[in-house]
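Work through the exercises below with the structure open. Each task is followed by a solution in steps.

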Amino acid sequence: MEKEVNLYMLLLGCTPEGRLTEQHDVFFGIAPNLKDLVRDIKSFWPEAKGKIHIDAWRQITKVDNHIIRIINREEQRYYDDEKLFFLNLGGYRLNEFEEYHYRTLAIAKNTSLAIKQAKKSTFYKHCNIAGAPSHIDEQYGVDVDDIHNIDDLLSPIIKQQYKIVISPCVLPTPEDEIHLGYLTLNKLSQSSI
């Protein structure tokens with residue numbers, strides 16, 4: 001019997017050589033547990049030369065009143081109309097020398113509907129000032145270029161093996177726990193997470 005696998009979302013951090021501040025990126029992976037992603041994380045960000053840490057992580061099991069499961073691609077042949085999207089919103093606050101970001105997930109049939117959901121977020125409404133409106137990151141307005149179907153973000157090997165299945169919540173289900181804090185890949189490798 002195969003091990004159960006999970007979908008993870010990680011906020012990775014690194015200060016690459018020649019940079020003044022820490023850089024971040026978001027990584028999605030599928031594995032039985034978090035520590036089994038170390039090799040994939042290093043492959044994802046080779047310029048970091050292994051000097052990556054995790055600032056936040058989440059096992060994705062619930063989004064917008066939907067249950068998220070990972071199945072073996074051979075297990076089931078039908079495909080859902082709903083897709084799981086990752087959005088990176090950017091916004092500003094008056095007199096603060098910073099662009100703030102809000103990373104969110106949305107279940108929608110297409111990118112237009114995912115954008116519509118993002119525009120309802122508290123972040124989008126409160127980090128929106130004259131001359132510097134909130135936006136899907138790296139755009140001056142909302143644009144589908146910065147919305148990603150999570151299926152498209154997974155490595156080709158993972159996509160060949162697994163499928164993300166989205167189904168409506170029937171029973172009350174707790175929200176995913178978000179784990180915060182500095183976790184090096186070395187510590188992760190030695191942990192039971």
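The exercises concern a predicted model and treat a sheet and then aromatic pairs.

**Exercise 1.** Determine the strand order of the open sheet that contains β5, and state which strands lie at the edges.

*Solution.* Begin with β4 and β5 (residues 66–72), which are joined by two bridges in the antiparallel sense. Two strands pair if there are at least two bridges between them, so this contact qualifies. One of the bridges links Val63 to His66 in β5. With the third strand added, the order reads β4-β5-β10, with antiparallel pairing. The edges are β4 (62–63) and β10 (162–168), each of which pairs on one side only.

**Exercise 2.** Classify the ring pair Phe27 and Phe44, then assign each residue to a burial class.

*Solution.* The count of aromatic pairs is three. For Phe27 and Phe44, the ring centres are 5.2 Å apart and the planes stand at 65 degrees, so the pair is edge-to-face. Phe27 belongs to strand β2 (residues 23–31) and Phe44 to helix α1 (residues 38–44), with these positions 17 residues apart in the chain numbering. Buried means under 20% relative accessible area. Phe27, at 6%, therefore counts as buried. Phe44 has 34% and is partly exposed.

**Exercise 3.** Do the same for Phe28 and Phe86, and locate both residues.

*Solution.* The centre-to-centre distance is 5.3 Å and the angle between the planes is 65 degrees, an edge-to-face pair. Phe28 lies in strand β2 and Phe86 in strand β6 (residues 83–91), 58 residues apart. Both Phe28 and Phe86 are buried.

Technical notes: Residues are numbered from 1 along each chain as its sequence is written. This is a predicted model: local features need pLDDT of at least 70, side-chain atom pairs count only at pLDDT 80 or more; totals for chains, interfaces and linings use all residues. Side-chain values use heavy atoms; hydrogens and water are left out. Helices (H or I, at least four residues) and strands (E, at least two) are DSSP runs, numbered from the N terminus. Rings of Phe, Tyr and Trp (its six-membered ring) pair if their centres lie within 6.5 Å; planes under 30 degrees apart count as stacked, over 60 as edge-to-face and the rest as tilted. Buried means under 20% relative accessible area, exposed over 50%, partly exposed in between (1.4 Å probe, protein chains only).
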